[in-house]
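The following exercises concern the relation between chains, the sheets, and the packing of helices. Each task is followed by a solution in steps.

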Number of protein chains: 2
Amino acid sequence: MNENVFKAMADPTRRKIIELLKEGPKTAGEIATHFSHAQPTISRHLNVLKNANLVADQRNGTYIIYRLNTTVLQDWLAWLLERFGGSGNDDEE
Amino acid sequence: MNENVFKAMADPTRRKIIELLKEGPKTAGEIATHFSHAQPTISRHLNVLKNANLVADQRNGTYIIYRLNTTVLQDWLAWLLERFGGSGNDDEE
DNA sequence: TTATTATATAGCCATATAGCTAAATAGTAA
DNA sequence: TTACTATTTAGCTATATGGCTATATAATAA
C-alpha cells in the first residue's frame, strides 16, 4: 500500500478536502473557500493529495478542477479492512 | 475521530506492530525483535500507539505486555468507512 | 502589448517526527 | 545491599511538515 496515501489521509485539512470532493469535482479556489488557511496552503495540501494519487487535476481555462480518485480511496479502505478488520483470532466470529 | 489514531496509523512500523498484536498480546521486547530498529525506538512507537489508545500495556514482573485495543481499531475503521466509503453520490449503488 | 484572475511555486520559520546512544527506572534474585 | 534484566526516558540530530508572504506562471480579455 502506498505510504503517501496514509500520510495524505493523516491530516484533517486534507481529509476534509477529500470529503468535499466526494460531493463532486471542484476548483482549487472553491475548495480553498471552505478553509481559513491561505490559498497557497490549500494548494500545497492539494499537491500532497495529488502525489498520493487520491485526486487528479485538470485545467479548464484559468481554473484547475480537482476531482477525487474514487478507486484509490476505495482501494485504500479495502486494504485497511483486510489488514486490520476482523477480530484477529483464527476462529473468526 | 481522534487525530492521534490517524497519526499513529500513518507510520509503517506502527502498523506492523498493530498487525503483530492482532495475533495476541506480546511483550515490548518480543515486539522489538521483529524490527531492525533500536529497542528504545520501538518503545517510543509503542508509546505513540498507547497515546492513541490503540494499545494498552500491563506490567508483568520485569516485562510489560502490550495488547491491542481491538475496539478502538475497529471504531476507527468504521469511522473511515462511514466518511469515505461508498461512491459519494446521493443515489448510491 | 497590458491587466486581471486563478493557481502554483519559492523561500522562510516554527514545530513535529523518527532515529540514535546513554542513562534512569522497575522488578527480581542473590 | 548488589547485580541483572526489561523497559522507559532524556537528550541529541536530521529531516519532514504545515503555516505564512511574496513571487511566478498560465489563461483570458482589453
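**Exercise 1. The hairpins**

In chain A, 2 residues separate S2(A) from S3(A) in a hairpin, and A:Gly61 in the turn has a positive phi of about 65°. Determine which residues of the two strands are bridge partners.

*Solution.* The model is predicted: local features require pLDDT of at least 70 and side-chain atom pairs pLDDT 80 or more, whereas totals for chains, interfaces and linings use all residues. Residues are numbered from 1 along each chain as its sequence is written, chains are lettered from A and ligands numbered from 1 in the order in which they are written, and side-chain values use heavy atoms, with hydrogens and water left out.

Step 1. Helices (H or I, at least four residues) and strands (E, at least two) are DSSP runs numbered from the N terminus, and two strands pair if DSSP finds at least two bridges between them.

Step 2. S2(A) is joined to strand S3 (residues 63-68) of chain A by 6 bridges, and the two run antiparallel.

Step 3. A:Asn60 has A:Tyr63 as its bridge partner in S3(A), and A:Ala56 has A:Arg67.

Step 4. In chain B, strand S2 (residues 55-60) and S3(B) likewise pair in the antiparallel sense over 6 bridges. The bridge partner of B:Ala56 in S3(B) is B:Arg67. The hairpin of S2(B) and S3(B) has 2 residues between the strands, with B:Gly61 in the turn at a positive phi of about 65°.

**Exercise 2. The sheets and the helices on them**

Establish the strand order of the open sheet in chain A, and state which strands helix H2 of chain A touches.

*Solution.* Step 1. S1(A) pairs with S3(A) in the antiparallel sense over 2 bridges; here A:Lys26 has A:Tyr66 as its bridge partner in S3(A).

Step 2. The open sheet of 3 strands in chain A therefore has the order S1-S3-S2, with antiparallel pairing. Its edge strands are S1 (26-27) and S2 (55-60) of chain A, each of which pairs on one side only.

Step 3. Helix H2 (residues 12-22) of chain A packs on this sheet and touches S1, S2 and S3 of chain A (contact: heavy atoms within 4.5 Å). The direction of H2(A) makes about 90° with that of S3(A); axes are lines fitted to C-alpha atoms, for helices over the stretch in contact, and angles run from 0 to 180 degrees between N-to-C directions.

Step 4. In chain B, 3 strands form an open sheet in the order S1-S3-S2, with antiparallel pairing. H2(B) packs on that sheet, touching S1, S2 and S3 of chain B, at about 90° to the direction of S3(B). Helix H4 (residues 39-51) of chain B lies across S2 and S3 of chain B and runs at about 120° to S2(B).

**Exercise 3. The relation between the chains**

What rotation and shift superpose chain A on chain B?

*Solution.* Step 1. The superposition is by least squares on the C-alpha atoms of residues with pLDDT of at least 70 in both copies.

Step 2. Chain A falls on chain B after a rotation of 180° with 0.0 Å of shift along the axis (RMSD 0.0 Å). This is the relation of a two-fold axis. In chain A, A:Ala10 has the C-alpha nearest the axis, 3.2 Å from it.

Step 3. Of the interface residues of chain A, 100% are also interface residues in chain B, so the copies meet through the same surface.

**Exercise 4. The interface**

Describe the contact between chain A and chain B, and the helix packing within it.

*Solution.* Step 1. 25 residues of chain A are in contact with 25 residues of chain B.

Step 2. The chains bury about 2100 Å² between them, 62% of it on carbon and sulfur atoms; buried area is the accessible area (1.4 Å probe) that two parts lose on being put together, summed over both. A:Arg15, A:Lys22 and A:Phe84 supply 32% of the area that chain A buries against chain B, more than any other three residues.

Step 3. H2(A) packs against helix H5 (residues 70-84) of chain B at an angle of about 40°, with the axes 10 Å apart. H2(A) is therefore oblique to H5(B): angles under 35 degrees count as roughly parallel, over 145 as roughly antiparallel, 65 to 115 as roughly perpendicular and the rest as oblique.

Step 4. A:Arg15, A:Ile18, A:Glu19 and A:Lys22 in H2(A) meet B:Trp79, B:Arg83 and B:Phe84 in H5(B).
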